[in-house]
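The exercises below ask you to work from a single strand outward to its partners and to a neighbouring pocket. Keep the coordinates open while you follow each solution.

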Amino acid sequence: MDRLRQRADFLAVANGARVNSPAFVLQSRLRDDLGPVRIGFTVTKKNGNAPERNRIRRRLRELVKRLDPVSMQPHHDYVLVGRRDALSRDFTTMLDDLRIAFTKPARHTAKGQVGGRGPKPNPRPGPAASRKPD
């Protein structure tokens, strides 16, 4: 298992499927190549100061180390996005959540799909639509 380190890889996985948990969000994406499973970790600044974010990231890395690699699908990239609850949640509970997240059918939220984060339609017409034809 390798680590994701390039920003472009993280952005590609962000457009893939995701599974939510109280302590983290698991994002996944099938790759076209035959390389090994890769996993990345990220924690945003809204989750606390640097020591708290580092603690969340360390807990997520330890979860992946203790997880059976067979549960991960081959030729996939995964990103674990840490949440604030990862600081206070019981470690064994988080491990169970991660096992469930890898077996649960993922909710696909790619851009352009139903429920995705695509552009919202404009509810009111613009100034060009309100003009009378000549």
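**Exercise 1.** Determine which residues of strand S5 lie on each of its two sides, and whether those sides are covered or open.

*Solution.* In this predicted model, one side of S5 carries His76, Tyr78, Leu80 and Gly82, while the other carries Asp77, Val79 and Val81. The division follows a general pattern, because in a regular strand the side chains alternate between the two faces of the sheet. Every one of the residues just named is buried, and both faces of S5 are therefore covered. Taking the strand as a whole, seven of its seven residues are buried, so S5 is largely enclosed by the rest of the structure. For the background to this result, 38% of the 134 residues of the chain count as buried.

**Exercise 2.** Identify which strands pair with S5, and in which sense, parallel or antiparallel, each of them runs.

*Solution.* Begin with S3, which runs antiparallel to S5 and is joined to it by seven bridges; within this pairing, Arg29 has Asp77 as its bridge partner in S5. Continue with strand S4, made up of residues 38-42, which pairs with S5 in the parallel sense over five bridges; here the bridge partner of Thr42 in S5 is Val81.

**Exercise 3.** Asp77 is a charged residue placed in strand S5; establish whether Asp77 is buried or exposed, and which side chain makes a polar contact with its own.

*Solution.* The relative accessibility of Asp77 is 0%, and because the cut-off for a buried residue is under 20%, Asp77 counts as buried. The next step is to look for a polar partner, and the side chain of Arg38 makes a polar contact with that of Asp77 at 2.8 Å. Finally, once neighbours within four places in sequence are set aside, the residues in contact with Asp77 are Leu4, Val13, Gln27, Ser28, Arg29, Arg31 and Arg38.

**Exercise 4.** Describe the second largest pocket: how much space lies in it, which residues are closest to its centre, and which elements each supply at least two residues of its lining?

*Solution.* The second largest pocket holds about 160 Å³ of space. Ten residues line this pocket, and the closest to its centre are Ala14, Gln27, Thr42, Val79 and Val81. Sorted by element, helix H1 (7-14), strand S3 (24-30) and strand S5 (76-82) each contribute at least two lining residues. Sorted by character, the lining comprises five nonpolar, three polar and two charged residues.

Note on methods:
Residues numbered from 1 in each chain as written. Predicted model: local features only at pLDDT ≥ 70, side-chain atom pairs only at ≥ 80, totals over all residues. Heavy atoms only, no water. 1 Å grid on protein atoms, 1.4 Å probe; cavity = no way out; pocket = protein on both sides within 12 Å on 5 of 7 lines; lining within 4 Å. Points joined across faces, edges and corners; volume = space filled by probe spheres on them. Helix = DSSP H or I, 4+ residues; strand = E, 2+ residues; numbered from the N terminus. Buried < 20%, exposed > 50% of the residue type's maximum accessible area, 1.4 Å probe, protein only. Polar contact = N/O pair within 3.5 Å; in protein donor to acceptor, adjacent residues only side chain to side chain. Contact = heavy atoms within 4.5 Å. Pairing = 2+ DSSP bridges.
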